Amino acid sequence: VQLQASGGGLVQAGGSLRLSCAASGRTFSRYNMNWFRQAPGKEREFVAAVSWTGGITRYADSVKGRFTISRDNAKNTVYLQMNSLNPEDTAVYYCAADRLVASAMGRMGPRYVYDYWGQGTLVTVSS
């Protein structure tokens with residue numbers, strides 16, 4: 001599976017963006033999908049995860065109520081809808097795939113050896 005993230009850009013505070021992560025390969029639907037982000041000078045942090053069925057989602061506290069993760073297995077794509085953006089959301093956003101059990105999904109942190117990583121897309125929120 002190869003992952004290609006896109007949709008980043010420059011947006012004003014309070015605005016919205018939708019990120020996409022397109023996957024190649026026929027096994028996309030077997031993987032949980034995650035979004036992480038890394039701000040300048042900071043460690044990579046978990047943002048959101050969605051189970052392979054799409055039925056379970058998890059979010060970092062910092063984005064709950066503002067971000068929504070979803071997936072379309074027919075299109076081999078996972079999305080991250082980001083609303084009410086603020087400058088603290090500025091970061092490179094990465095997608096990652098795993099085959100963890102549901103209870104562990106979204107709880108392993110960025111140091112876990114995920115099966116696949118995308119290349120990242122830059123989101124810049126201006127104040």
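Let me begin with the middle of the structure, where the largest nonpolar core has 35 residues, and where Met33, Trp35, Leu80, Met82 and Tyr93 are the residues with the most contacts inside that core. The strands that give two or more residues to this core are S1, S3, S4 (32–38), S5 (45–50), S7 (67–72), S8, S9 (91–98) and S11 (121–126). I should say at once that what we have above is a predicted model, and that I will describe it as such throughout. As general background, nonpolar side chains in soluble globular proteins tend to be buried together.

To get a feeling for the core, let us take one of its members, Leu80, and ask which residues it touches beyond those up to four places away in sequence. The list runs through Leu17, Arg18 and Leu19, then Trp35, then Val47 and Ala48, then Phe67, Thr68 and Ile69, and finally Tyr93. Leu80 belongs to strand S8, and there it stands opposite Leu19.

That brings me to strand S3, which covers residues 17–23 and is mostly covered, with 5 of its 7 residues buried. Strand S3 is joined to strand S8, residues 77–82, by 6 bridges, and these two strands run antiparallel. Strand S1, residues 3–6, is also joined to S3, in this case by 4 bridges, and that pair runs antiparallel as well. Within the pairing of S1 and S3, Ala5 stands opposite Cys21.

Cys21 deserves a longer look, since a disulfide joins Cys21 to Cys95, with the sulfur atoms 2.1 Å apart. The pair links distant parts of the chain, with Cys21 in strand S3 and Cys95 in strand S9, 74 residues apart. How many disulfides does the structure hold? It holds 1. Both of its cysteines, Cys21 and Cys95, are buried. The torsion about the S-S bond is about 65°, and the disulfide is therefore right-handed.

Cys95 is also one of the residues touched by Trp117, so let me turn to Trp117 next, which lies in strand S10. Is Trp117 buried, partly exposed or exposed? With a relative accessibility of 29%, Trp117 counts as partly exposed. Leaving out residues up to four places away in sequence, Trp117 touches Leu3, Phe36, Arg44, Tyr94, Cys95, Ala96 and Pro110. Pro40, by contrast, is 19 Å from Trp117, C-alpha to C-alpha, and the two are 77 residues apart in sequence.

Now to the charged side chains. In general, side chains of opposite charge can pair when their charged atoms come close. A search of the whole structure finds 5 salt bridges, and I will go through some of them.

One of them is between Glu43 and Arg111, whose closest N and O atoms are 3.1 Å apart. Glu43 lies in the loop between S4 and S5, and Arg111 in the loop between S9 and strand S10 (116–117), so this pair ties together parts that are 68 residues apart in sequence. Both ends count as exposed, Glu43 at 58% relative accessibility and Arg111 at 70%.

A second one joins Asp89 and Arg66, whose side chains meet at 2.7 Å, N to O. Here Asp89 lies in the loop between S8 and S9 and Arg66 in the loop between S6 and S7, so the pair ties together parts that are 23 residues apart in sequence. Both Asp89 and Arg66 are buried. Salt bridges that share partners join Arg37, Glu45, Arg66 and Asp89 into one network.

Within that network, Arg37 forms a salt bridge with Glu45, the closest N and O atoms being 2.6 Å apart. Arg37 is buried, with a relative accessible area of 5%, whereas Glu45 is partly exposed, at 35%.

Why does Arg66 count as buried? The reason is its relative accessibility of 15%, because buried means under 20%. The side chain of Arg66 also has a polar atom 2.9 Å from the backbone oxygen of Ser62, and a polar atom 3.0 Å from the backbone oxygen of Ser84. Setting aside its neighbours within four places in sequence, Arg66 is in contact with Gln81, Met82, Asn83, Ser84, Leu85, Asn86 and Asp89. One of these, Met82, takes us back to the core where I began, being among the residues with the most contacts inside it.

Conventions:
Residues are numbered from 1 along each chain as its sequence is written. This is a predicted model: local features need pLDDT of at least 70, side-chain atom pairs count only at pLDDT 80 or more; totals for chains, interfaces and linings use all residues. Side-chain values use heavy atoms; hydrogens and water are left out. Buried means under 20% relative accessible area, exposed over 50%, partly exposed in between (1.4 Å probe, protein chains only). Two strands pair if DSSP finds at least two bridges between them. A nonpolar core is a set of buried Ala, Val, Leu, Ile, Met, Phe, Trp, Tyr and Cys residues joined through side-chain atoms within 4.5 Å. Contact means heavy atoms within 4.5 Å. A polar contact is a pair of N or O atoms within 3.5 Å; within protein, one must be able to donate a hydrogen and the other to accept it, and residues adjacent in sequence count only if both atoms are side-chain atoms. A salt bridge is a side-chain nitrogen of Lys or Arg within 4 Å of a carboxyl oxygen of Asp or Glu. A disulfide is a pair of cysteine sulfur atoms within 2.5 Å.
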